[in-house]
Amino acid sequence: MQAHNATGAYRDSIKTTVRLVLWTLAWLATLALARFAPGLLWDSQQPVASWTAVAANLVVGIGWIVAFARFLRGQDELQRKIVQDALAVTLGMGWVSGFAYVVADAADLVVYDVDIAVLPRS
């Protein structure tokens with residue numbers, strides 16, 4: 001009976017992982033569409049198309065968050081703790097370094113002005 005439970009848990013883990021990968025790829029595709037399509041696929045002066053692409057990215061992003069939460073719930077306790085600890089450190093580092101940059105910019109210590117999209121620029 002234990003082997004059946006382990007196999008079922010393994011299959012559930014694979015399902016949640018595959019779903020997370022698919023949602024990640026979908027989010028990446030909608031992000032690329034929202035970022036690069038204005039000017040490549042349609043005129044950048046068409047705000048309706050651009051807003052539609054941004055809305056699609058937000059909707060798929062919400063789906064990705066739900067898929068990630070399901071993925072975490074499907075992991076065993078140790079793996080979940082490892083991922084949550086890594087996320088906590090990453091979020092903390094992002095906040096600390098982000099606000100340090102804001103303070104340095106306010107004191108005119110950095111050349112570039114603070115911009116919400118400073119990191120994902122291409």
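**View 1. Asp-108 is found in the segment after H3.** Helices such as H3 are DSSP runs (H or I, at least four residues), numbered from the N terminus. This is a predicted model, in which local features need pLDDT of at least 70, side-chain atom pairs count only at pLDDT 80 or more, and totals for chains, interfaces and linings use all residues. Residues are numbered from 1 along each chain as its sequence is written, and side-chain values use heavy atoms, with hydrogens and water left out. Asp-108 has a phi near 55 degrees, a positive value in a residue other than glycine. Most residues other than glycine have a negative phi. With a relative accessibility of 68%, Asp-108 counts as exposed (buried means under 20% relative accessible area, exposed over 50%, partly exposed in between, with a 1.4 Å probe and protein chains only).

**View 2. Trp-95 and Phe-99 form a stacked pair in helix H3.** Rings of Phe, Tyr and Trp (its six-membered ring) pair if their centres lie within 6.5 Å; planes under 30 degrees apart count as stacked, over 60 as edge-to-face and the rest as tilted. By this rule there are three aromatic pairs. The ring centres of Trp-95 and Phe-99 are 5.1 Å apart and the planes are at 20 degrees, so this pair is stacked. In helix H3 (residues 77-106) the two are four residues apart, which means a separation of about one helical turn. Phe-99 is partly exposed, at 48% relative accessible area.

**View 3. Here we meet the largest nonpolar core.** Such a core is a set of buried Ala, Val, Leu, Ile, Met, Phe, Trp, Tyr and Cys residues joined through side-chain atoms within 4.5 Å. Its six residues are Leu-20, Ala-67, Phe-68, Phe-71, Leu-72 and Val-83. H2 gives the most to this core, with four residues. Phe-68 and Phe-71 also form one aromatic cluster with Trp-64.

**View 4. H2 and H3 cross at roughly 135 degrees.** Their axes, lines fitted to C-alpha atoms over the stretch in contact, come within 8 Å. Angles run from 0 to 180 degrees between N-to-C directions. The crossing makes H2 oblique to H3 (under 35 degrees is roughly parallel, over 145 roughly antiparallel, 65 to 115 roughly perpendicular and the rest oblique). Phe-68, Leu-72 and Arg-73 of H2 make the contact (heavy atoms within 4.5 Å) with Arg-80, Val-83 and Leu-87 of H3.

**View 5. Gln-75 sits in the loop between helix H2 (47-74) and H3.** Gln-75 is buried, at 13% relative accessible area. Leaving aside neighbours within four places in sequence, Gln-75 is in contact with Ser-13, Thr-17 and Arg-80.
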